[in-house]
Amino acid sequence: MANTDNLIGVRNLGLAIADPFIGSTASNTAQILEVTGKGEVSVATTLTEVQLGIKVQAKTATAVQEQVAQRSTAVVDVLRKLGAKELQTISIQLNPVYSYENGTQTLTGFEGLNTLQFELPTNQSGAAIDKAIQAGANVIQNISFTASDEVLQQARLQVLSEAVKDAKAQAQAVFSTLQLTPGQIIDIDINSDDNPRPSPLVSNLTADRVSAAASTTPIIGGSQTIEASVSLDIGYSPNSAGTLALATDNLIGVRNPGLAIADPLIGSTAQILEVTGKGEVSVATTLTEVQLGIKVQAKTATAVQEQVAQRSTAVVGVLRKLGAKELQTISIQLNPVYSYENGTQTLTGFEGLNTLQFELPKNQSGAAIDKAIQAGANVIQNISFTASDEVLQQARLQVLSEAVKDAKAQAQAVFSTLQLTPGQIIDIDINSNDNPILSPFVSNLITDRVSTTPIIGGSQTIKASVSLDIGYSPNSGVILDLPLNGSQQIA
């Protein structure tokens, strides 16, 4: 077995690739493992991109447009004074509003919405949002973070290297289990992520800012994730010292000198068993990921934003004191609220929702949820459990080995029953599960902790399958009886 560090790019002089256009094959037909490695890199963000709206209702289209124009002008002036970059209007909408009564549609007014987009350094974006709302903005549509172009380009190169390393590790797990010797890399496909995921909004309030900045939305940029995958077709050959037998340990990967793989253009047929083995590994979870919301309604957008900021500040302060990791606001929403009476739509106020996400060791998460709710959170959106990245990576390699063993056992059962002699592995496909199954929420009440929500994490499941194409030939001297149409034919 070749060493992992030497797996990639080492030439196997005995491996020849058949040319399908010349009608013949080399002495050794190419045997290929197809493997895809994935890489992920996180980089620090420095800019925040914000989309804010100005929504207005009035009796006439002219009145709507005048109010939208006035308030948009005030918001734009504020943002320009704050040094906002890439300031632009990304949409302008004006639509009629109808009431419906006794099956009759009646025009009651018009509604307009202007949406502005801008960029600012992350440490300035919270105050900019608050001042824009005070100036007349009343809808928050989207907030995201990004790194500089230079940082993103460096990360794209780094993530390709990580993807290749992952492909090497997967290939070693399969080759080692099958007792195969890796050869040349026959083909390489790079599948970069051209659109890195924007970083979610991250909130981090330090203790010395609680009183001074209680009415300012605190925003600190998190990381941005860049992903890529690299697919390798790796040639391989069996270990030369192997001897083929029906024993499980020697079933796979040892060459039968009498087995020939046919060229499809010269009229002979290869005999192949196609078998897929499945593996499943469960690992203990150590972290709980929680999503909590702070939802507020008030008469004005400014009042909503101030209350959300104050309560978010209190919740974040509690979670920081508890040592919460990966604390971030994954969404900020601000929208008008309408009532509908006698078929008429009337603006009654505004609603804001900030959603925080954080991680804690699972034995601490119950108390954290309780204290966050006491501090002002009033929505629990999701709870899930996960293992560490290191444990998950080890499990992904282990599950590949388990899938190969399952394929070997299935192949032996078929070959043994049919009295066939297994030969070379002609093709290997790895079908990893890219989305490990998250552990469900499990609740277990302990009597001496009644006042604290008890949370116990379960296990996380990782699955994969490996498909093998195995050549075979019948044992010499064996007569195989197969029933055919009620009679028997002797081969």
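A residue is called buried under 20% relative accessible area, exposed over 50% and partly exposed in between, with a 1.4 Å probe and protein chains only. The model is predicted, so that local features need pLDDT of at least 70 and side-chain atom pairs count only at pLDDT 80 or more, while totals for chains, interfaces and linings use all residues. Residues are numbered from 1 along each chain as its sequence is written, and side-chain values use heavy atoms, with hydrogens and water left out.

**Exercise 1. Find the salt bridge, place its two partners in the chain, and classify the exposure of each.**

Step one is the criterion: a side-chain nitrogen of Lys or Arg within 4 Å of a carboxyl oxygen of Asp or Glu. The structure holds 1 salt bridge, in which lysine 463 pairs with glutamate 280, their closest N and O atoms being 3.8 Å apart. Step two is the placement, for which helices (H or I, at least four residues) and strands (E, at least two) are DSSP runs numbered from the N terminus. Lysine 463 belongs to strand β16 and glutamate 280 to strand β8 (residues 272-284), so the bridge links distant parts of the chain, 183 residues apart. Step three is exposure: lysine 463 has a relative accessible area of 34% and is therefore partly exposed, whereas glutamate 280, at 51%, counts as exposed.

**Exercise 2. Identify the aromatic pairs, classify their geometry, and state which elements they tie together.**

Begin with the rule that rings of Phe, Tyr and Trp (its six-membered ring) pair if their centres lie within 6.5 Å, with planes under 30 degrees apart counted as stacked, over 60 as edge-to-face and the rest as tilted. This rule yields 2 aromatic pairs. For phenylalanine 175 and tyrosine 236 the ring centres are 5.9 Å apart and the planes stand at 50°, so the pair is tilted. Because phenylalanine 175 lies in helix α3 (residues 149-178) and tyrosine 236 in strand β7 (residues 223-238), this pair ties together parts 61 residues apart in sequence, and both residues are buried. For phenylalanine 415 and tyrosine 472 the centres are 5.8 Å apart with planes at 50°, so this pair is tilted. Phenylalanine 415 sits in helix α7 (residues 389-418) and tyrosine 472 in strand β16 (residues 459-474), so the pair ties together parts 57 residues apart in sequence; phenylalanine 415 and tyrosine 472 are buried.

**Exercise 3. Check the length of helix α5 against expectation, then describe what covers its buried residues.**

The expected span of a helix is 1.5 Å times one less than its number of residues. Helix α5 (residues 301-321) has 21 residues and should span 30 Å, which agrees with the 30 Å between its end C-alpha atoms. Its buried residues include Ala301, Val304, Val308, Val315 and Leu319. Taking contact as heavy atoms within 4.5 Å, the cover of these buried residues includes α2 (122-135), β5 (139-146), β9 (287-298), β10 (325-341), β11 (344-361) and α6 (362-375). Just after α5, glycine 323 has a positive phi of about 80°.

**Exercise 4. Repeat the analysis for helix α6.**

With 14 residues, α6 reaches 20 Å from its first C-alpha to its last, close to the 20 Å expected. Ser365, Gly366, Ala368, Ile369, Asp370 and Ala372 are its buried residues, and they pack against β9, α5, β11 and β12 (379-386). Glycine 376 follows α6 and has a positive phi, near 140°.

**Exercise 5. Describe the surroundings of valine 56.**

Valine 56 is placed in strand β2 (residues 47-58) and, at 4% relative accessibility, counts as buried. Leaving out residues up to four places away in sequence, valine 56 touches Val64, Gln67, Val68, Arg71, Phe110, Glu111 and Gly112. The C-alpha atoms of valine 56 and phenylalanine 110 are separated by 8.3 Å, although the two residues are 54 residues apart along the chain.

**Exercise 6. For glutamate 86 and glutamine 419, give the sign of phi, the location and the exposure.**

Glutamate 86, a residue other than glycine, has a positive phi near 50°. Glutamate 86 is in strand β3 (residues 85-101) and, at 55% relative accessibility, counts as exposed. Glutamine 419 has a positive phi of about 55° although it is not a glycine, and at 37% relative accessibility glutamine 419 counts as partly exposed.
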